[in-house]
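Colleague: Before I plan anything at the bench, could we go through this model together, one point at a time?

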Amino acid sequence: MRSNPFTSSFSKRISTFFLLALPLVLAAAAAGCSTVPLKQAGTLSSYSNLGPPKGKLQKSRSYVDGARLAPTKTVAIAPTTFAFRAATRIKSPADRTMVANALDRALCISLSDKYQLVSSGQPADLTIRSVVTDIVPTNKAMAGVSAVVTVGTGFVLPVGVPRLPAGLGGLAVEAEAVDSGGVQRAAIVWSRGANSLQNTPRVSEVGDAYSLASKFSSEFSRMLIKGREPKGLDISLPSGQRMKSWLGGKPKYAACDAFGRSPGLIGAVAAKYGAPPQWTEKKPKPAATY
């Protein structure tokens with residue numbers, strides 16, 4: 001069967017166009033990121049122990065008392081709340097809850113590698129309290145265009161072009177870990193904006209905040225587990241319980257089910273095509289169902 005010469009010629013022209021345009025797109029994408037200021041929001045019990053600001057793409061000030069954390073065996077995670085400024089930026093309570101659950105779930109799964117996680121309100125050696133202090137909403141229209149361009153060019157070029165550097169979202173969080181006596185043993189003030197190279201566009205006002213929530217949780221959990229500020233990228237392989245939980249399976253501890261289960265592979269595929277996280281996010285299951 002003969003191929004259509006017009007179609008073949010058109011495909012070649014499209015390919016040539018994208019190959020010529022790709023360097024410009026990559027340069028623009030590399031420079032494209034949203035900015036979320038690093039500032040105190042007044043939600044921590046103390047800021048006096050925090051170190052100086054660090055980082056550029058991801059900014060933070062942190063404190064950790066490794067010696068006092070060493071005897072810790074049990075940890076409780078209080079559900080993440082929203083500061084007034086952040087809450088007014090995202091009007092949907094369901095969207096705010098989804099971001100909070102994503103943050104707490106990631107913390108719970110990561111900390112399960114070292115500690116026994118117990119339900120919020122139960123006696124624990126350490127209790128974690130997190131507050132979303134600011135959100136830069138994702139522009140849904142621009143995220144949709146970016147998803148179409150990225151996925152579409154993947155059929156023409158060996159790889160899809162990066163996300164368009166416009167309408168990017170961001171997230172800021174403050175969190176602390178206090179012992180049974182209410183004394184702060186670790187704390188962090190953290191902010192990060194989405195960027196064109198690392199954050200997949202999702203057609204949701206909280207698309208970027210949802211993915212950045214797990215970035216924050218990874219940073220804070222590493223600090224608590226190691227008992228010191230983490231340096232560099234975490235290149236260690238995830239544990240078996242983390243892999244199982246990330247794939248949507250039963251978590252190591254029932255307490256983590258309070259924050260819902262990961263969308264797993266279905267969520268990963270949906271994210272690749274720009275689907276909003278609301279489509280695949282699973283509702284929390286009461287621990288009593290175990």
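Colleague: Is Asp 134 buried or exposed?

Modeller: Keep in mind throughout that this is a predicted model. The relative accessibility of Asp 134 is 6%, and a residue is called buried when that value is under 20%. Asp 134 therefore counts as buried.

Colleague: Which residue forms a salt bridge with Asp 134, and how far apart are the closest N and O atoms?

Modeller: Asp 134 belongs to strand β5 (residues 126–136), whereas its partner sits in helix α3 (residues 84–89), so that the pair links parts of the chain 49 residues apart. The partner counts as partly exposed, because its relative accessibility is 38%. That partner is Arg 85, and the closest N and O atoms of the pair are 3.3 Å apart.

Colleague: Which side chain meets Arg 242 in a salt bridge?

Modeller: Arg 242 is in helix α7, and the residue it pairs with is in the loop between α4 (93–111) and β4 (116–118), 129 residues apart along the chain. Arg 242 counts as buried because its relative accessibility is 15%, while the partner, at 33%, counts as partly exposed. With an N to O distance of 2.7 Å, the side chain that meets Arg 242 is that of Asp 113.

Colleague: Which residues are joined into one network by salt bridges that share partners?

Modeller: One bridge in question runs between Arg 185 and Asp 179, with the closest N and O atoms 3.0 Å apart. Arg 185 is buried, since its relative accessible area is 13%, and Asp 179 counts as buried as well, because its value is 18%. Through shared partners, the network consists of Asp 65, Asp 179 and Arg 185.

Colleague: How many salt bridges does a search of the whole structure find?

Modeller: The pairs discussed so far include Arg 85 with Asp 134 and Arg 242 with Asp 113. For the whole structure, the search gives a total of 10 salt bridges.

Colleague: How much space lies in the largest cavity?

Modeller: Rolling a probe the size of a water molecule over the atoms shows where empty space is left. Counting cavities of 30 Å³ or more gives one. Its lining includes Arg 105, Ile 109, Ser 245, Cys 256 and Asp 257, and by class the lining has three nonpolar, four polar and three charged residues. The space in the largest cavity comes to about 50 Å³.

Colleague: What separates the C-alpha atoms of Cys 108 and Asp 257?

Modeller: Cys 108 lies in helix α4 and is buried, because its relative accessible area is 1%. Asp 257, one of the residues that line the largest cavity, is 149 residues away from Cys 108 along the chain. The separation of their C-alpha atoms is 9.2 Å.

Colleague: What separates the C-alpha atoms of Tyr 210 and Met 98?

Modeller: Tyr 210 has its place in helix α6 (residues 207–226) and counts as buried because its relative accessibility is 10%. Although Tyr 210 and Met 98 are 112 residues apart along the chain, the separation of their C-alpha atoms is 7.5 Å.

Colleague: Which residues form a nonpolar patch on the surface?

Modeller: One member is found in the loop between α7 (240–246) and α8 (264–272), namely Leu 247, which counts as partly exposed because its relative accessibility is 47%. Membership of a patch requires over 30% relative accessible area. The patch has about 400 Å² of accessible area together, and its members are Met 243, Trp 246, Leu 247 and Leu 265.

Conventions: Residues numbered from 1 in each chain as written. Predicted model: local features only at pLDDT ≥ 70, side-chain atom pairs only at ≥ 80, totals over all residues. Heavy atoms only, no water. Patch = residues over 30% accessible without salt bridge, like charges linked within 9 Å, V, L, I, M, F, W, Y side chains within 5 Å. Areas by Shrake-Rupley, 256 points an atom, 1.4 Å probe, with all protein chains shown as cover. Salt bridge = Lys/Arg side-chain N within 4 Å of Asp/Glu carboxyl O. Helix = DSSP H or I, 4+ residues; strand = E, 2+ residues; numbered from the N terminus. Buried < 20%, exposed > 50% of the residue type's maximum accessible area, 1.4 Å probe, protein only. 1 Å grid on protein atoms, 1.4 Å probe; cavity = no way out; pocket = protein on both sides within 12 Å on 5 of 7 lines; lining within 4 Å. Points joined across faces, edges and corners; volume = space filled by probe spheres on them. Nonpolar A, V, L, I, M, F, W, Y, C, P; charged D, E, K, R; others polar.
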